[in-house]
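Here is my note on the model, point by point. Please read it with the structure open.

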Amino acid sequence: MVNIGFIKMGNLGMSQVINLIQDEIAAREGITVRAFGTGAKMGPAEAADTESFKQWNADFVVIISPNAAAPGPTAAREVWKDVPCIVVSDGPTKKEAREAFEQGGFGYIILPVDPLIGAKREFLDSVEMASFNSDAMKVLSVCGVVRLIQEELDKVTDQVASGRSGKELELPHIFAKPEKCVEHAGFVNPYAKAKALAALHMAEKVAQVNFPACFMLKEIDQVCLTAAAGHEIMGAAAQLATQAREIEKSNDTVFRQPHAKNGTLLKKVKLYEKPE
């Protein structure tokens, strides 16, 4: 049995499903999954609280949070440095910072396409937050990000199942730019793939728009207008992702990759095909 732990600090779009994607119909054997969440906050105090999760004895853990270079996620890595650990985050985007993760023994999947929300009280409420995250999830799922992460976590799971552990594990070191993500989506139609790639580029742009709204602008009209613009970009990206999948559906070429009970990845394209 492979024990896989997920530590969710704060929230990314990908946080919603990352602990579900290796067992999508709750029928996979050979793995056990547990998640420790700190809600919306992700400070050093929350990082310290994750220590209690060690009692579960995970074979490897995934720490997912916004901005992995922030104090809270940094403190969490210190807590978990003695356990094989994969960082999933929207940053850091600089190569030197990612290399520091690798030198510290951490795996990473950095997702600049997982968008920064317009987190200002003048603009954001619970409904706007949920709506934004549903748009983000549409892009992350249809355009290849979910499958990329699922495949990488499966690789580590397979290593543990084969008897490897600790520092023997080969952890991913991936900077998931739009072009890399879309290659995992399985598109057949080139126009569908182009729409998906456009959606990923738009999702990456959302952070550039929302960052000033969150951390720089002061006047309420500037804050609200800028954050609203970022969220409109995200909504438009979700529409493009939906259009891309509809093209594949119309051609009966939607690529599906379910898990068999033993964790093997099966494949199918035609709707009425049996996964093999």
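**Notes on the predicted model**

1. Start with Ser-65. Beyond its neighbours within four places in sequence, Ser-65 contacts Met-9, Leu-12, Pro-73, Val-88, Ser-89 and Asp-90. The model is predicted, and these contacts are computed from it. Ser-65 sits in the loop between β3 and α2 (71-79). Is Ser-65 buried or exposed? Ser-65 counts as buried, because its relative accessibility is 2%.

2. Next, the sheet. Six strands make an open sheet, and their order is β2-β1-β3-β4-β5-β6. The pairing is parallel. The edges belong to β2 (31-37) and β6. Each has a single partner strand, so one side of each lacks a neighbour in the sheet. On average, neighbouring strands are turned by 15° against each other, direction ignored.

3. Look at one strand pair in detail. Four bridges join β3 and β4, in the parallel sense. Ile-64 has Val-88 in β4 as its bridge partner. Val-88 is also among the contacts of Ser-65.

4. Which helix packs on the sheet, touching β4, β5 and β6? Helix α3 (residues 95-103) does. The direction of α3 makes about 150° with that of β5 (107-110).

5. The edge strand β6 (residues 173-175) contains Ile-174. At 9% relative accessibility, Ile-174 is buried. Which residues does Ile-174 touch, leaving out those up to four places away in sequence? They are Tyr-108, Ile-109, Ile-110, Leu-148, Glu-152 and Lys-180. Asp-90 is 84 residues from Ile-174 in sequence, yet the C-alpha to C-alpha separation is 12 Å.

6. Glu-152 deserves a check from its own side. Glu-152 belongs to helix α5. Its relative accessible area is 12%, so Glu-152 counts as buried. Apart from neighbours within four places in sequence, Glu-152 contacts Ile-109, Pro-172 and Ile-174. Ile-109 and Glu-152 both appear among the contacts of Ile-174 as well.

7. Now the nonpolar packing. In soluble globular proteins, nonpolar side chains tend to be buried together. The largest nonpolar core here has 50 residues, and Met-14 and Ile-149 touch the most other members. At least two core residues come from each of β1 (2-8), β3 (60-64), β4 (85-89), α4 (126-142), α5 (145-161), α6 (178-182), α7 (190-215) and α8 (220-250). Which element gives the largest share? Helix α5 does, with seven residues.

8. Met-14 merits a closer look. Leaving aside neighbours within four places in sequence, Met-14 contacts Ile-21, Ile-64, Leu-111, Asp-114, Met-137, Leu-140, Val-145, Val-146 and Ile-149. A second core is separate from the largest one and has 19 residues. Among its members are Phe-36, Ala-47, Val-61 and Phe-106.

9. On cysteines: how many disulfides does the structure hold? Zero. Why is Cys-181 without a bond to Cys-143? The Cys-143 sulfur is the closest cysteine sulfur to that of Cys-181, but the two are 9.0 Å apart, which is too far for a bond. Cys-181 is buried, since its relative accessible area is 0%. Cys-224 is in no disulfide either, and its nearest cysteine sulfur, in Cys-214, is 12 Å away. Cys-224 is partly exposed, with a relative accessible area of 21%.

10. Backbone geometry needs a look too. Most residues other than glycine have a negative phi, and most peptide bonds are trans. The Gly-91 to Pro-92 peptide bond is cis, with omega near 15°. Pro-92 lies in the loop between β4 and α3.

11. Two positive phi values complete the list. Asn-57 is not a glycine, yet its phi is positive, about 60°. Asn-57 occupies the loop between α1 (44-49) and β3. With a relative accessible area of 56%, Asn-57 is exposed. Asp-252, also a residue other than glycine, has a positive phi near 55°. Asp-252 is in the segment after α8. Its relative accessibility is 29%, so Asp-252 counts as partly exposed.

Conventions. Residues numbered from 1 in each chain as written. Predicted model: local features only at pLDDT ≥ 70, side-chain atom pairs only at ≥ 80, totals over all residues. Heavy atoms only, no water. Buried < 20%, exposed > 50% of the residue type's maximum accessible area, 1.4 Å probe, protein only. Contact = heavy atoms within 4.5 Å. Core = buried A, V, L, I, M, F, W, Y, C linked by side-chain atoms within 4.5 Å. Pairing = 2+ DSSP bridges. Axes fitted to C-alpha atoms, helices over the stretch in contact; angles between N-to-C directions. Disulfide = S-S within 2.5 Å.
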